[in-house]
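Student: Could you take me on a close look at the aromatic rings in this model, and at what sits around them? Once the rings are covered, I would be glad to follow you to a few other spots.

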Amino acid sequence: MKKITFLLSLLLASAGVTASAQDAFVASSAPSNGSWASDTKWYKMSLSGNYLSAYDADVNGNVRAAATEAPTGAGAYWCIVADGENGYKLYNRAAGPNKVLGLSQSTTSDGFDGTRANFYAATTTSSATEVGTTFDISLMQDQTVIYKVKLKDSQNLYWNQRGGYLGYWNNGGAATTNGSKVRFYAVDEATVEADDNTNAETYKTALTEKLTAAESFVSDDKVGYYSQSAITAAQTVLNNSSSKAGDYYFATLDLQPNMPKAGVLYCIKSANTSFTEAKAIYHEGTTTKWGKYDVTNAAQYWSFTPWGRGYKLQTVDTKTYFNSSRSMSKTAGFVEIAWYAPNVVNIRVQAASTLHAEGHSGGSGVSGNIIDYQKTGFGKEAGPSSWTIVEATLDEAKQMRVSEEGTPEVYEGGLLVGTFDVRKAKAFNNNISSSATMADVLNLVNTDLPTSVTIDENKYYRLVCVSPKTGNKDANENLSDPTYTTLTRGTNNVVTAPFSKGNVDQIWKFEKTDGGYYLKNMNGNGYLNNVRAGDARAKLVGTPSDKFEIKEGSISTQKALHVVGEHDKQCLFAENHPNEPQKGDPYAVCGWYDFNNRPDYSNGAWAWKLVEADDIEVALNLVESKSYATAYLPFGVSAVDGASAYVGALNADKTAIDMKGVSGVPANTGFVLVGNGSKATLTIGDAAAIEGENALTGTNTGVTFADATPRANYLVFGVNNDKVGFYTPSNSVPAIPANKAYINASALNSNAVALNFGGNVTSINAATLINGENNAPIYDLSGRRVWAPVKGGLYIQNGKKIIK
């Protein structure tokens with residue numbers, strides 16, 4: 001055993017690694033004034049058995065974790081500096097005393113991580129969302145020489161081998177997995193100093209060649225060109241006689257062309273010199289394509305948004321992202337670019353191979369799909385895998401057009417969120433050509449596009465479930481009614497009910513908040529909440545805690561509403577149960593999602609059509625030659641079809657209302673509708689304030705008469721002896737229905753008020769109203785609720801048989 005130990009010591013010593021390599025590391029003092037501290041201790045370092053070296057990096061300097069053999073050169077040596085009580089920082093000999101190792105974070109999914117390790121100024125503030133430079137280093141459980149490294153103050157951002165790179169794995173299991181095992185191997189100072197100039201001539205030659213090429217592409221503005229300051233900095237290192245291998249190496253990495261900037265429009269043209277005409281990347285739907293460069297094609301314009309050490313690459317027309325080499329999605333993939341040559345770039349998505357023009361046919365190809373393919377390696381591909389990123393000019397961008405072809409999908413006349421929006425397409429095409437500046441172009445891109453209908457905080461919506469749950473039964477074994485599809489304010493809970501343009505309880509508004517939307521019911525003036533699985537049933541609350549994100553599925557017009565922060569299980573779900581008194585109202589909604597089977601968000605009882613609510617319908621009641629109704633709504637009415645709208649003030653003796661016709665009615669204002677048919681259609685929109693007094697008020701939620709709300713305080717609209725007017729309700733009238741107008745009678749001496757239409761006064765006597773406007777539910781003779789009764793049919797309402 002002693003002989004084996006001695007031989008091991010000799011082997012370690014021959015590599016500059018001491019026999020105490022497996023002991024705990026010793027922290028060093030921080031460098032100062034550009035020099036290493038006198039007590040600096042150097043180590044080689046491995047992750048999951050793979051050595052880490054600044055020299056083992058990709059073309060962008062991102063540190064790999066794939067070398068099984070111990071590296072040489074200054075890039076192999078690390079020192080660990082204690083940052084007070086704030087953890088540790090890691091310096092590299094080749095990177096020098098002014099830079100530290102940092103990890104940037106973009107995505108942290110188990111399948112792929114867009115985290116990359118690189119070197120940053122030592123003064124960089126450590127961050128979980130930007131660049132992490134300060135770490136906790138501790139022994140793994142039951143280990144004496146194997147460590148785990150975690151971003152300081154993070155919960156689970158552990159170092160891990162991710163696709164051959166050093167990155168984060170955001171998972172508690174990373175604390176014990178092999179992929180997170182870190183070891184330190186002590187190296188003596190003499191060995192480190194002797195290695196400072198290993199490969200110096202190789203790195204110096206590489207810097208010289210890159211500088212020579214860059215000097216032919218100098219511009220402070222153009223993407224792919226080199227700024228003069230970058231060239232000067234590299235030349236300074238090359239001219240410095242004291243520069244070492246690491247200086248040349250990092251000067252070469254730092255000599256990068258100008259990168260794409262956020263808030264700028266770009267086209268991505270092919271750099272394949274075999275093509276006889278200009279080609280560019282574009283998309284058709286969700287498929288990535290290449291073809292003839294066409295400045296009128298909006299699908300050929302892109303924006304780059306920095307994301308960690310990479311980008312999100314988004315097309316301007318549909319606002320979708322490169323999600324993989326071959327497909328577009330609402331979810332961004334991690335995009336990296338590497339310069340093959342000045343002004344020539346390789347692009348890859350999710351660390352796959354380089355974007356490649358499939359079907360190029362040696363330059364004779366006309367168009368085809370984008371695929372991931374490479375022969376030599378990322379940053380080394382020419383021909384059909386090479387591209388040029390070109391900033392669009394104002395003249396080019398003004399020629400951009402989007403298609404106006406397409407049939408918008410509607411539900412009961414309302415546009416669906418996610419369908420083609422010809423309104424925005426036409427507006428964009430009409431306005432883009434007159435843009436005076438690129439700022440004008442960008443404003444249009446952000447306001448008139450995308451050309452699919454999107455959620456608008458200024459609009460109202462009805463939510464219709466695609467496929468409510470089936471199989472539930474009531475106490476009499478009757479199956480649930482499949483027509484109960486539409487999200488509705490119920491008595492105690494939020495429920496589903498048959499779609500009805502006359503039901504204001506079905507109108508909602510999306511209010512934007514951080515990370516999602518609150519969903520407000522306009523009639524109840526409350527917010528959808530308590531969307532949970534199990535026995536919970538959704539309800540309205542005054543102060544919301546549930547906020548929703550819109551989940552996309554395979555069908556653009558059918559979406560799920562997921563409760564933010566509640567994982568995939570909590571999606572708004574149409575339980576469709578006709579009888580569950582222990583849980584809530586019949587047909588109450590809840591939260592659920594089949595997390596294990598992961599079905600499509602566009603199908604099932606969690607999939608909803610979000611329908612723009614542009615109008616409502618109000619049923620009119622025929623009285624002799626005219627039809628009447630009142631209304632009181634939580635939103636404005638900008639136009640009325642099928643009737644005329646009236647407001648009015650009480651006359652001097654308060655026996656009649658002097659009616660005044662109006663073209664629109666603001667929110668929460670009582671008004672009377674007079675027409676000749678069976679219904680009026682009211683367009684939802686802004687309306688000017690009513691001039692003068694208006695004696696009509698009303699209720700959005702209904703008024704149930706009781707001791708606290710005596711009938712004598714109200715005059716309600718109705719018919720008495722074939723005469724319309726406002727009357728004191730009798731004991732047979734239990735309530736004022738929701739969204740109806742009334743007169744506050746507490747200050748009146750009369751129990752009846754007539755309507756004065758320009759001198760034509762409805763003749764009424766003091767009376768008590770037996771039957772007022774009635775919104776009470778209507779049922780057929782089997783006890784099933786009826787939302788659209790047929791004229792002449794026999795029904796039950798308020799416990800009595802009626803004929804409609």
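**Rings, loops and a pocket**

Tutor: Happy to, and let's begin with a charge on a ring: K279 lies over the face of F275, at 5.8 Å from the ring centre. Please keep in mind throughout that this is a predicted model. The limit for such a charge is 6 Å from the ring centre, and the 5.8 Å of K279 falls within it. An arginine offers another example, since R348 is placed over the face of F378 with 4.1 Å to the ring centre.

Now to rings that meet other rings. The structure holds 37 aromatic pairs. One of them joins F25 and F184, whose centres are 5.1 Å apart and whose planes make an angle of 55°. Planes under 30 degrees apart would count as stacked and those over 60 as edge-to-face, so an angle of 55° makes this pair tilted. Where do F25 and F184 lie? F25 belongs to the loop between α1 (2-14) and β1 (42-47), while F184 is part of strand β12 (residues 182-187). Because of those positions, the pair ties together parts that are 159 residues apart in sequence. As for their surroundings, F25 is buried, with a relative accessible area of 13%. F184 counts as buried too, at 3% relative accessibility.

Compare that with Y518 and Y527, which form an edge-to-face pair: the centres are 6.2 Å apart and there are 70° between the planes. Are these two tyrosines buried or exposed? Y518 is partly exposed, having a relative accessible area of 22%, whereas Y527, at 13%, is buried. The line for "buried" is drawn at under 20%, so the 22% of Y518 puts this residue outside that class.

Rings can also gather into groups. Here, ring pairs link Y55, W78, F119, Y203, Y249 and F250 into a cluster.

With the rings covered, let's turn to open space. The second largest pocket has a volume of about 1400 Å³. Its lining is made of 49 residues, and the closest to the pocket centre are T318, T320, K330, S452 and E552. Which elements supply at least two residues each? They are β19 (328-329), α8 (438-447), β31 (516-521) and β34 (548-551). Among these, β34 gives the largest share of the lining, four residues. By character, the lining divides into 15 nonpolar, 23 polar and 11 charged residues.

Next, two asparagines. N503 sits in the loop between β29 (494-497) and β30 (508-513), and at 10% relative accessibility this loop residue counts as buried. A polar atom of the N503 side chain lies 3.0 Å from the backbone nitrogen of D505. The C-alpha atoms of N503 and T488 are separated by 8.4 Å, with their positions 15 residues apart along the chain. The other asparagine, N346, is found in strand β21 (residues 344-349) and is buried at 0% relative accessibility. Its C-alpha atom is 60 Å from that of A689, a residue 343 positions away along the chain.

Finally, some loops to inspect. What is special about the backbone of D142? Phi of D142 is near 65°, a positive value in a residue other than glycine. D142 occupies the loop between β8 (135-139) and β9 (147-151), and a relative accessible area of 74% makes D142 exposed. S361 also has a positive phi without being glycine, with a value near 50°. This serine lies in the loop between β22 (355-357) and β23 (368-372), where S361 counts as partly exposed at 49% relative accessibility. Exposed means over 50%, so S361 at 49% stays in the class in between.

One more loop rounds off the visit. P634 is in the loop between β41 (626-631) and β42 (637-641), and P634 is buried, with a relative accessible area of 11%. The C-alpha atoms of P634 and N668 are 5.3 Å apart, although the two residues are separated by 34 residues along the chain.

Notes
Residues numbered from 1 in each chain as written. Predicted model: local features only at pLDDT ≥ 70, side-chain atom pairs only at ≥ 80, totals over all residues. Heavy atoms only, no water. Phe/Tyr/Trp six-rings, centres within 6.5 Å; stacked < 30°, edge-to-face > 60°. Buried < 20%, exposed > 50% of the residue type's maximum accessible area, 1.4 Å probe, protein only. Lys NZ or Arg CZ within 6 Å of the ring centre and 35° of its normal. Polar contact = N/O pair within 3.5 Å; in protein donor to acceptor, adjacent residues only side chain to side chain. 1 Å grid on protein atoms, 1.4 Å probe; cavity = no way out; pocket = protein on both sides within 12 Å on 5 of 7 lines; lining within 4 Å. Points joined across faces, edges and corners; volume = space filled by probe spheres on them. Nonpolar A, V, L, I, M, F, W, Y, C, P; charged D, E, K, R; others polar.
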